[in-house]
Amino acid sequence: MFAPFYAAIADISATIRRHRDRLGRPVIGVLPAYFPLELIHAAGGYPVQLWGAGVAIDHAEAYLQPYCCSVARSVLELEMRGSAGLIQAYVFTSLCDTLINLRELYRRLFDKPILGLSFPVTQFAEGRRAFLADAAEKIIKGLEAVTGRRVSADALRAAAGQFGRVRSLQRELYRLRRERPGAIKNADFHAVLKAGFFLPVDEYGRLLEDLLVRLESIAAPAGRRPRLILSGMVFDPLEAQRLFDEVGADVVDDDFASGWRTVSKATLPVDDPVEGIATHVFGGAPCCCIHHPEKDRHDYLVKKIRDAGADGVVFWYVKFCEPDAFDRPQLLARLKQEGIPATVLEMDLSMKSVESLRTRIQAFCEMIGGLEI
Ligand code: SF4
């Protein structure tokens, strides 16, 4: 039942090309995260989300040092080696310093439209709104220039409905995973999420609906295995996610920017686009990259763990993401205070083997107990 999702990510270029030709929409690459994809769709574009790739870094080395995050390095590598020819334009958010600098690099290096949506760092909703009023107008105009189509109120409403529906289906999948630990393999779960980065919203929504019907009667396996929550920016590499299945641990929830932090966002409000973008960016689960004084990541994570009945947390650190690294010491300290076991796994998206992670995961699961060995 997961085959269509694996097929979509087996050859990502082929998937994008097929749907681009079917839809006749220009492909717009979105550098993560939290850009309202609804705007691109409403402007007649085909958004694909670029959360990094497992490629060897060769060309990008000339511009990004080894201590830049592997999301930025690998995405730049794809464009530099000519593997991103399907992408007609890029949209960047200002999630972190790396992305802001990467956006400027793209502007200098490549002959493609490069759009940016900067997120305000302010304590107050009013300040956010004032800042975004200008930013929203610019981004919508930029998208319209790329696609040659106006973002009409009807198109935006329809797009909000489609993307909102997809996220609500994804939340349903999350609920099943939480309530029936082990019923959905961890690798399969993440293949479903990853396919959503590249499939158009109509196709992906259909596949999700079909999957959820098939999963309705699925039961959790007997017995209790270690239950984990994963936290980080990016859930890749997918091969590493498979290790939890092989070791015999159940991931019951996550706090990934490419996972729940995005999936948790409500349907985009469209009556006022500025308000809509602000709600989208600052709504949903808290993130290390979004300054939101009313959202405490520590309380949030502890509650998530308790709600899911998890035994421990694995911090999934894709090197060298600064915002993720900056938050972690305080989060670890809070988990320690609460008596919740936690460990940190460091990885690179272009790592050749994930076997070293297997030993770490196994050791952590043995430590928290319940592993059948
Ligand atoms: S992984 Fe971290 S450092 Fe890299 S682009 Fe994302 S937020 Fe920025």
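# Chatting through a predicted model

Student: Hi! Which residue stands opposite Val 314 in strand 8?
Tutor: In this predicted model, Val 314 stands opposite Thr 343 in strand 8.

Student: And how does the chain get from strand 7 to strand 8?
Tutor: The chain passes through helix 14 on the way, and this β-α-β crossover is right-handed. Strand 7 covers residues 312-318 and strand 8 covers residues 342-347. The two pair in the parallel sense, over six bridges.

Student: Helix 14, okay. What does helix 14 give to the shell around the ligand?
Tutor: Three residues, and that is the most any element gives to the shell.

Student: Which residues come nearest to the ligand?
Tutor: There are 16 residues around the ligand, and Cys 69, Val 71, Cys 96, Thr 98 and Cys 321 come nearest. The elements giving two or more residues to this shell are helix 4 (70-80), helix 5 (97-109) and helix 14 (322-338).

Student: How many of the shell residues are nonpolar, polar or charged?
Tutor: The shell around the ligand has 13 nonpolar residues, one polar and two charged.

Student: Let's switch to strand 1. Are its residues buried or exposed?
Tutor: Five of the five residues in strand 1 are buried. Val 27, Gly 29 and Leu 31 are on one side of the strand, with Ile 28 and Val 30 on the other, so to speak back to back, and both faces are covered.

Student: Which way do strand 1 and strand 2 pair?
Tutor: They pair in the parallel sense over four bridges, and strand 2 spans residues 46-49. The bridge partner of Val 27 there is Tyr 46. Between these two strands the chain crosses through helix 3, again as a right-handed β-α-β crossover.

Student: How many bridges join strand 1 to strand 3?
Tutor: Five, and those two strands run parallel. Gly 29 of strand 1 stands opposite Tyr 90 in strand 3.

Student: Who does Tyr 90 stand opposite in strand 4?
Tutor: Ile 114. Strand 3 (residues 87-93) and strand 4 pair in the parallel sense over four bridges. Together with helix 5, these strands make a right-handed β-α-β unit.

Student: Which residues of strand 4 point which way?
Tutor: Ile 114 and Gly 116 point one way, Leu 115 and Leu 117 point the other way, and all of them are buried.

Student: Why would nonpolar residues sit together?
Tutor: In soluble globular proteins, nonpolar side chains tend to be buried together. In this model the largest nonpolar core has 115 residues. Those with the most contacts inside that core are Leu 31, Ala 72, Val 91, Leu 143 and Leu 228.

Student: What is Leu 228 in contact with?
Tutor: Leaving aside neighbours within four places in sequence, its contacts include Phe 244, Val 252, Ala 310 and Val 314. Val 314 is the residue you began with, opposite Thr 343.

Student: New topic: where are the cis peptide bonds?
Tutor: One joins Pro 32 and Ala 33, with omega about 5°. Ala 33 lies in the loop between strand 1 (27-31) and helix 3 (37-42). Another joins Asp 236 and Pro 237, with omega about -5°. Pro 237 is in the loop between strand 5 (227-232) and helix 10 (238-247).

Student: And what is phi of Tyr 34?
Tutor: Near 70°, which is a positive value in a residue other than glycine. Tyr 34 lies in the loop between strand 1 and helix 3.

Student: Is Tyr 34 buried or exposed?
Tutor: Tyr 34 counts as buried because it has 23 C-beta neighbours inside 10 Å, and the cut-off for buried is 20 or more.

Student: What about Met 80, buried or partly exposed?
Tutor: Met 80 has 18 C-beta neighbours inside 10 Å, so it counts as partly exposed. Met 80 is found in helix 4. Apart from neighbours within four places in sequence, Met 80 is in contact with His 59 and Ala 60.

Student: Last one: what does Arg 20 touch?
Tutor: Not counting residues up to four places away in sequence, Arg 20 touches Arg 25, Val 27, Tyr 46 and Leu 86. Val 27 and Tyr 46 are the bridge partners from strands 1 and 2. Arg 20 itself is in helix 2 (residues 12-23), and its C-alpha is separated by 9.3 Å from that of Gly 45, 25 residues apart along the chain.

Notes:
Residues numbered from 1 in each chain as written. Predicted model: local features only at pLDDT ≥ 70, side-chain atom pairs only at ≥ 80, totals over all residues. Near = placed C-beta within 6 Å. Nonpolar A, V, L, I, M, F, W, Y, C, P; charged D, E, K, R; others polar. Core = buried A, V, L, I, M, F, W, Y, C linked by C-beta atoms within 7 Å. Buried ≥ 20, exposed ≤ 12 C-beta atoms within 10 Å, placed from the backbone. Contact = placed C-beta atoms within 7 Å. Pairing = 2+ DSSP bridges. Right-handed = clockwise from strand over helix to strand, strands pointing away.
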